[in-house]
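Subject: Structure handover

Hello,

Here is the structure for your files. My notes on it follow below.

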Amino acid sequence: MKIELNNVCVRYITGDFTDIGLKDYIIRKIKGTYKVKEFMAVNNVSFSLEKGDLLGIVGSNGAGKSTLLKVISGIMCPSAGTMAIEGSIASLLELGSGFDGDLTVTENTFLRGAMLGYTREFMNSMYSKIIDFADLNDFQDRPFKHLSSGMKSRLAFSIACLVNPDILILDEVLSVGDGAFRKKSEAKMLEVIRSGTTTILVSHSLEQIRRMANKVLWLDKGKQVDFGPTKEICDKYQAFLNGKQ
């Protein structure tokens, strides 16, 4: 289980094509007056992780954290750079992603498992553990859209953690739900790390990153500011935040 990124970039091209009609677009292209702009959501990010590492990613809104997770998860392709990933990936990037609101909790559990590449037999063996951990035994036949945000988060987290992936990617999911479940989820995360799973966690809680991660990546406006041991990078990031106040 290894992750290695070398100068990975994600470039978005924006223009005025959303505000003009096809005719005006063609005319401007012919006249050479049609302009596009480039936006680097991720700009030359490089780091490597080994089995059992937990990487915390920090940075303000718009730093490129979620975009980078989508690239590592395989949802997006990088515009430039190289990436090598070994092992199966379970990602939880957005609350409710990978679920169908009209299907029941039970149906969605098996659907999500299938999307992660697991067999029906494996999901049958894990189903009761997933539901128990999520504390949704009384809601198994309830449509997913009727669940509260905390319930959705618990189910998504339970599936992601209990299916034993080689690589686990989480975007702000430990901040959703009540305090009891956050404590429970952190304990599960530590268990997952001890089992050898390589984990990437995005969190706005610097305290949580300090408590759980052994490596930290600091992003700002798409650029990599620093990467290294948790205390060193978190201290630098905290000083940066203090300087902005």
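The model is predicted, so please read the notes with that in mind.

Helix α4 comes first. It covers residues 120–134, which makes 15 residues, and its first and last C-alpha atoms are 20 Å apart. The span expected at 1.5 Å a residue is 21 Å, so α4 comes close to it. Even so, α4 has a kink of about 45°, and the centre of that kink is M126.

M126 is also one of the buried residues of α4; the others are M123, Y127, I130, I131, F133 and A134. An α-helix has 3.6 residues a turn, so residues three or four places apart point the same way. The cover over the buried residues of α4 includes three other helices: α3 (105–115), α5 (149–162) and α6 (179–194). Directly after α4 comes D135, with a positive phi near 55°.

Two further residues with positive phi may be of use to you. N7 has phi near 50° and is not a glycine. N7 sits within strand β1, residues 2–15, and is partly exposed at a relative accessible area of 43%. K221, also a residue other than glycine, has phi near 55°. K221 lies in the loop that joins β8 to β9. With a relative accessibility of 68%, K221 is exposed, because the cut-off for that class is over 50%.

The strands on either side of K221 form a hairpin, with two residues between β8 and β9. Strand β8 runs over residues 215–220 and strand β9 over 223–229; the two pair antiparallel through six bridges. One of the bridge pairs joins K215 to P229 in β9.

The last item is A90. Where does A90 lie in the fold? It belongs to strand β5, residues 89–92. Is A90 buried or exposed? A90 has a relative accessible area of 1%, and so it is buried, since the cut-off is under 20%. Beyond its neighbours within four places in sequence, A90 makes contact with L116, A160, P165, I167, L168 and I169. As for V202, which is 112 residues from A90 along the chain, the C-alpha atoms of the two are separated by 15 Å.

In short, the places to look at on screen are the kink at M126 in α4, the turn at K221 between β8 and β9, and the buried A90 in β5.

Regards

Definitions and conventions: Residues are numbered from 1 along each chain as its sequence is written. This is a predicted model: local features need pLDDT of at least 70, side-chain atom pairs count only at pLDDT 80 or more; totals for chains, interfaces and linings use all residues. Side-chain values use heavy atoms; hydrogens and water are left out. Helices (H or I, at least four residues) and strands (E, at least two) are DSSP runs, numbered from the N terminus. Buried means under 20% relative accessible area, exposed over 50%, partly exposed in between (1.4 Å probe, protein chains only). Contact means heavy atoms within 4.5 Å. Two strands pair if DSSP finds at least two bridges between them. The bend at a residue is the angle between axes fitted to the seven residues ending there and the seven starting there.
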